[in-house]
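Trainee: I am new to this structure. Please take me through one part of it closely, and then through what surrounds that part.

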Amino acid sequence: LGCDENEKGSIERAVKHWIIAANLGDDLSIKALMRMFKGGFVEKEVLDAALRAHQACVDATKSPLRDVAEEFYRLRDGLFSSN
């Protein structure tokens, strides 16, 4: 939604959508917010708050069991790749 709003020229709405998505852990939204910050469309405090919320969301999804599952699939995919 942020990209659509940005293409329409609705910068404020685009930023709001990217903030919401970043708060839910979306990496591409953080990158979009950083670009908007560099362009002068986002204040440092807003970017900092989005970065903190993004990191909190990412941290909340970490677990030892998830790490084991990721390693399993990484190894499995390596065994069956056609190299």
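Trainee: In which helix is the place of serine 29?

Mentor: Keep in mind that this is a predicted model. Serine 29 lies in helix H3, which covers residues 27-38. The residue is buried, because its relative accessible area is 4%, and the cut-off for buried is under 20%. What does serine 29 touch, leaving out residues up to four places away in sequence? The contacts are Trp18, Ala21 and Ala22.

Now follow Ala22. Ala22 belongs to H2, the helix of residues 11-23. H2 has a partner in H4, which is made of residues 44-60. The two axes come within 7 Å. They cross at roughly 30°. Angles under 35 degrees count as roughly parallel, so H2 and H4 are described as roughly parallel to each other.

Which residues make this contact? From H2 come Ile19, Ala22 and Asn23. From H4 come Val46, Ala50, Ala53, His54 and Cys57. By type, the residues of this contact divide into 6 nonpolar and 2 polar. No charged residue takes part in the contact of H2 with H4. Ala22 therefore appears in two settings: it touches serine 29, and it is part of the meeting of H2 with H4.

Take one residue from the H4 side. Valine 46 sits in helix H4. Its relative accessible area is 31%, so valine 46 counts as partly exposed. Compare its place with that of isoleucine 19. Along the chain, valine 46 and isoleucine 19 are 27 residues apart. In space, their C-alpha atoms are separated by 8.5 Å.

Another H4 residue in this contact is Cys57. Cysteine 57 is partly exposed, with a relative accessible area of 22%. Is its sulfur bonded or free of a disulfide? The closest cysteine sulfur is in cysteine 3, and it is 19 Å away. That is too far for a bond, because a disulfide needs sulfur atoms within 2.5 Å. A search of the whole structure finds 0 disulfides. Cysteine 3 is accordingly in no disulfide.

Where is cysteine 3, then? Cysteine 3 is found in helix H1. It counts as partly exposed, at 47% relative accessibility. Valine 15 is 12 residues from cysteine 3 in sequence. From C-alpha to C-alpha, cysteine 3 and valine 15 are 9.2 Å apart.

Stay in H1 for one more residue. Glutamate 5 is in this helix, which runs over residues 2-7. Is glutamate 5 buried or exposed? It counts as buried, at 10% relative accessibility. Setting aside neighbours within four places in sequence, glutamate 5 is in contact with Ser10, Arg13, Ala14 and His17.

One last stop: the aromatic rings. The structure holds 1 aromatic pair. The rings belong to phenylalanine 72 and tyrosine 73, and their centres are 5.1 Å apart. The planes stand at 75°, so the pair is edge-to-face. Phenylalanine 72 is partly exposed, with a relative accessible area of 48%. Tyrosine 73 counts as partly exposed too, at 42% relative accessibility.

To return to the start: serine 29 is buried in the model, and its place is in H3. Its listed contacts include Ala22, which in turn is one of the H2 residues that meet H4.

Methods: Residues are numbered from 1 along each chain as its sequence is written. This is a predicted model: local features need pLDDT of at least 70, side-chain atom pairs count only at pLDDT 80 or more; totals for chains, interfaces and linings use all residues. Side-chain values use heavy atoms; hydrogens and water are left out. Buried means under 20% relative accessible area, exposed over 50%, partly exposed in between (1.4 Å probe, protein chains only). Rings of Phe, Tyr and Trp (its six-membered ring) pair if their centres lie within 6.5 Å; planes under 30 degrees apart count as stacked, over 60 as edge-to-face and the rest as tilted. Axes are lines fitted to C-alpha atoms, for helices over the stretch in contact, and angles run from 0 to 180 degrees between N-to-C directions. Helices (H or I, at least four residues) and strands (E, at least two) are DSSP runs, numbered from the N terminus. Angles under 35 degrees count as roughly parallel, over 145 as roughly antiparallel, 65 to 115 as roughly perpendicular and the rest as oblique. Contact means heavy atoms within 4.5 Å. Ala, Val, Leu, Ile, Met, Phe, Trp, Tyr, Cys and Pro count as nonpolar, Asp, Glu, Lys and Arg as charged, and the others, Gly among them, as polar.
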